[in-house]
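Let's take a friendly walk through a protein model, with its cysteines and its pockets as our two stops. Have the sequence and the 3D view ready.

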Amino acid sequence: MVLQRKQGGSIGIIVSTNMYEPLRDVESDHQAVNRLLAFKGGWIFDPLVFGDYPPEMRRYHRSELPRFSAEETECLKGCIDFIGINHYSTSYAKDCIHSHCPSGGNHFIKGFAHTTGERDGILIGEPTGFDRFYVVPRGMEKIVDYISKRYNNMPIYVTENGYASPLVPQPVPNFEHDFNRIEFHQAYLAALARAIRKGADVRGYFIWSLMDNFEWAGGYGTRFGLYQVDRATMKRTPKLSAKWFQHFLSNRHIMIAGTEANATVM
């Protein structure tokens, strides 16, 4: 920390976190949402901001969680300057303490909750090319608002947010005309803007990703990029979303399918 202050740098940490909504409008599922948020992100953020694990975890894991000494707490508490989140989607949460859940849902590491993207046969949002990622823009506003309030309006960076095109064996004609990706980012940025207007101290937003890349188990078939990559020649072709984002950053307009699309976010 002394070196950090001397060099004028900032230290933060990034966590991948979904937003969650109760599967049923019952108190137990609302509590399941709170547990998931604490178990997925709070167990990393809370010690670095408050000096201890989340109370939601302490309640269920009393002696199983390590205890910090007074010296360790003092060292941990307030040791980061910003919070980074990788946010892509929102899921429903169902309580697994007082309700029956599918196998694995009641695991203590998972916060004793079952997550799903479906309720009564209806998906929570439009599916994407990445399993369990749905288009739910309101989740961006909710997760940023939640983090802002829980962590005393600490500066927030959205370090990843992106849309995976539906899986296809190979790029189809006009593959670069990725209208769905543009609509995704317009909607998520609008939701982020709402959170900012409500007071969240958001300092930055980064699209995942610049170009189609190797997406872990998804390999090269999962495409998040603003640029299409021909794997045979390594040629990089800007998709329409790349042009849209360029215009968005310069607060200009872009012609899409013969109509003028606003590149600004209200």
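In this predicted model, C96 and C101 are joined by a disulfide, with their sulfur atoms 2.1 Å apart. A quick reminder: a disulfide is a covalent bond that links the sulfur atoms of two cysteines. The structure holds one disulfide. Its S-S torsion, between C96 and C101, is about -100°, so the disulfide is left-handed. Both C96 and C101 are buried.

Now look at C75 and C79. Why is there no bond from C75 to its closest cysteine sulfur? That sulfur belongs to C79 and lies 6.8 Å away, which is too far for a bond, because a disulfide needs the two sulfurs within 2.5 Å. Seen from C79, the closest cysteine sulfur is that of C75, again at 6.8 Å. Are these two cysteines buried or exposed? The table gives the answer for each.

| Cysteine | Relative accessible area | Class |
|---|---|---|
| C75 | 57% | exposed |
| C79 | 15% | buried |

Our second stop is the largest pocket, which has a volume of about 680 Å³. Its lining is made up of 29 residues, and those nearest the centre are N18, Y20, S91, R132 and F133. Two elements, α2 (27-50) and β5 (113-116), each give two or more residues to this lining. Which element gives the most to the lining? The answer is β5, with four residues. By chemical character, the lining residues of this pocket split into 11 nonpolar, 13 polar and five charged.

Definitions and conventions: Residues are numbered from 1 along each chain as its sequence is written. This is a predicted model: local features need pLDDT of at least 70, side-chain atom pairs count only at pLDDT 80 or more; totals for chains, interfaces and linings use all residues. Side-chain values use heavy atoms; hydrogens and water are left out. On a 1 Å grid over the protein atoms alone, a cavity is a set of points where a 1.4 Å probe fits but cannot get out, and a pocket is an open set with protein on both sides within 12 Å along at least five of seven lines; lining residues have an atom within 4 Å of a point. Grid points are joined across faces, edges and corners, and a volume is the space filled by probe spheres set on the points. Ala, Val, Leu, Ile, Met, Phe, Trp, Tyr, Cys and Pro count as nonpolar, Asp, Glu, Lys and Arg as charged, and the others, Gly among them, as polar. Buried means under 20% relative accessible area, exposed over 50%, partly exposed in between (1.4 Å probe, protein chains only).
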